[in-house]
Amino acid sequence: MNRLRYLLDRTSCVELKRLKSSLSVSNSKVKIPARIQRGPTDILEALEQTMPKDSGNISYLYHDDPYLYPLRRTEYRSFALSYEAGRKAAKWIHNEHRDLFPKHLSEPEIEAFTPLPTYTDKSQVSEEILLHTISKRIVPDALHIYKLLDYNVSNDTKQILLELLCFYNNYSQSNSRLEEWYTIKQDKYVWQYKPEINELFEFLKTQDSSTAAAAYNAMICGLAKHSRINEAWILYDECKEKDIPLNITTYNYLLTLIPENFGYKHELKMKHLLDILNTINKKRIKPNVRTLNAALRMMKKNDEDIAFRLIMDFKRMNIKFSLASYYYIIIISTKNSQNAQATFVDILRSIENRSFSIEDPMDNKFFRHAMYMASAFCNREAGDMIHKLLLTGDNYNFISSAGTESGYYVPYISLVLSTSTVDEFFEFYKQLVPNIYVPTTHCFLEIIQHLKLHSPAIVVKYLQKLWLDIHSICHTDLSLKLEVLSLMKMDVLPADSPLKTVFMDAAWDCWQAIQKEITTKQETYSPLENATTACIAVILLHGGRIEESIEVLKYIVKESDLFLPTMKEKQVNELFESYISKECILGAFLILEYSVNSGFPDIAKMATELHNLPQLTDAYRKELIDLVGAEALNSSNTEKSN
């Protein structure tokens, strides 16, 4: 009443009249909306949606210490695994030395922070404790408690325990989220024989019909999941003989076994597929999306009619397709089709702006395959549609591993590269690298090869970013660095350009890497092309680092067996004229010596030009005659006078 009086006191007369009139007009009852259950982090997630996305921000995972940010591709994996190793060590200490943690570590209590209890006696356990342990999917502890209870539990609990042992037969809780990201996931799981499984199954299948049916369903699903094909199929035949009802999950697992069970016998596979689908229909069991996906997985190019009939039937049943469904539809629709690209784009348009949830283990194949198709068709519109779909809702969860991520972004980068101007591509590149994706060496190489097709004046402004990324991410790949260096042309830069220093530092870094590789890999060293090392000398020379360019040339000439003689005549002439213009006699001599050793033409002309320099000393003149011979100089002078 006090609140109502306070409200009335603060309400003006006009507002009060309006309130009374509205109440008198309305005869409907007040409807209190249903309460929405909120989680502890819902408010944080709502606030997060109001914040603009910062594409340049590094993952929160690496925010513990700014001095430990990973800068190279291999460091991302090392950092992530070290992060998880620390968590594992903390968990181990928490479990093994639980006596050191007598008090709760959180208030209110958080179960994950509480050490797992240790049971040594039957009096300490009960069926409720067993059920709680089963709900947490801790297989060893569940078996231990079951044994302490002398196997004396209800049939319902035995059924639940059997399901745990079947579905999580070789389940390991050791792999954490980050470990799984960098681990190649196995498609097949190895069945681990436990005597309790057979004991439970043999007991339960002799009970009432519903209990026996549940036991058969659990065993078939467990065996199928863990690739025990023959054993699962034998139990299926036994169920058909005894008319034991199976649920849709069991039928779905049986459908996934057909390809492995019947190998290359496609007609036999299709026969069993249709038999199971007819059985599901006759028994009036409602299929789900995994039924459709398992069926579509078996379709080949000659089964398009069957596939499309299935798709239409499932649509009529209002079964919502998962991404795996569209993955198979794309494969079937674009195989040997004249309108494959148009069909592909139509499928993408049909799922625009939709957020999907994980319904099938094959769902995570959609984005990778779809982007591969868009890149193969060179269809930028399709690629952008796929990427927009990936960023819709929680769809990014389907990028579930480092392999899937790379399989998605490599073709996308290739597609954008081939359908954009250089400026447009690097606008895309800056948003992507390195905060979202770290390109592979092959991906960087493709970018460099594409840039070589463009004018140096267009490419030059992006070389610093590209060089720094490659230097930090692929620091051990010398060949990739040298490919970037080949794009660095000093003559296209203004005299006061700060990029000159960047290019010279890059050239010197590459030269030091070459020397290190020669020193440390003497037995496995593969000779480099001296056209590449000449590029280093040219950059250093044009930047005014004459002594460093001389050092490079000396090594090329004196240790010629370490390099392949691929220096081009244009490079030779450019270096020679540059050294002459800078009055660097030693550099010009080294170029002339290389030309003589390599059999280049115009040696006499170069020698004469060098000989006629007024600053040439007598010692240099004698060395010049020893190098090319007096006859070459005389013949050149004779030709010049004529």
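## Cavities, cysteines and helix H27

The largest cavity has a volume of about 40 Å³, where a cavity is a set of points on a 1 Å grid over the protein atoms alone at which a 1.4 Å probe fits but cannot get out, and where the volume is the space filled by probe spheres set on the points, these being joined across faces, edges and corners. The structure is a predicted model, in which local features need pLDDT of at least 70 and side-chain atom pairs count only at pLDDT 80 or more, while totals for chains, interfaces and linings use all residues. Residues are numbered from 1 along each chain as its sequence is written, and side-chain values use heavy atoms, with hydrogens and water left out.

A search of the whole structure for cavities of 30 Å³ or more finds 2. Lining residues are those with an atom within 4 Å of a point, and their classes take Ala, Val, Leu, Ile, Met, Phe, Trp, Tyr, Cys and Pro as nonpolar, Asp, Glu, Lys and Arg as charged, and the others, Gly among them, as polar.

| Cavity | Volume | Lining by class |
|---|---|---|
| Largest | about 40 Å³ | 4 nonpolar, 1 polar, 2 charged residues |
| Second largest | about 30 Å³ | 5 nonpolar, 4 polar, no charged residues |

Around the largest cavity stand Glu569, Val572, Asn573, Phe600, Pro601, Asp602 and Met606, and the largest share of this lining, 3 residues, comes from helix H29 (residues 569–581); helices here are DSSP runs of H or I with at least four residues, numbered from the N terminus. The second largest cavity is lined by Leu417, Ser420, Thr421, Val422, Phe425, Phe426, His450, Leu451 and His454. Helix H21 (422–432) and helix H22 (441–451) each supply at least two residues of that lining, with the largest share, 3 residues, coming from H21.

If a disulfide is taken as a pair of cysteine sulfur atoms within 2.5 Å, the count comes to 0 disulfides. Cysteine 221 is in none, the nearest cysteine sulfur, that of cysteine 166, being 8.7 Å away. Cysteine 221 is buried (under 20% relative accessible area with a 1.4 Å probe, protein chains only), its own value being 2%, and cysteine 584 is likewise buried, at 13%.

Helix H27 (residues 530–542) has 13 residues and reaches 18 Å from its first C-alpha to its last, close to the 18 Å expected at 1.5 Å a residue, the expected span being 1.5 Å times one less than the number of residues. H27 is mostly covered, 11 of its 13 residues being buried, among them Asn530, Thr533, Cys535 and Leu541. Glycine 544, which follows H27, has a positive phi near 90 degrees.

Terms used. Buried < 20%, exposed > 50% of the residue type's maximum accessible area, 1.4 Å probe, protein only. 1 Å grid on protein atoms, 1.4 Å probe; cavity = no way out; pocket = protein on both sides within 12 Å on 5 of 7 lines; lining within 4 Å.
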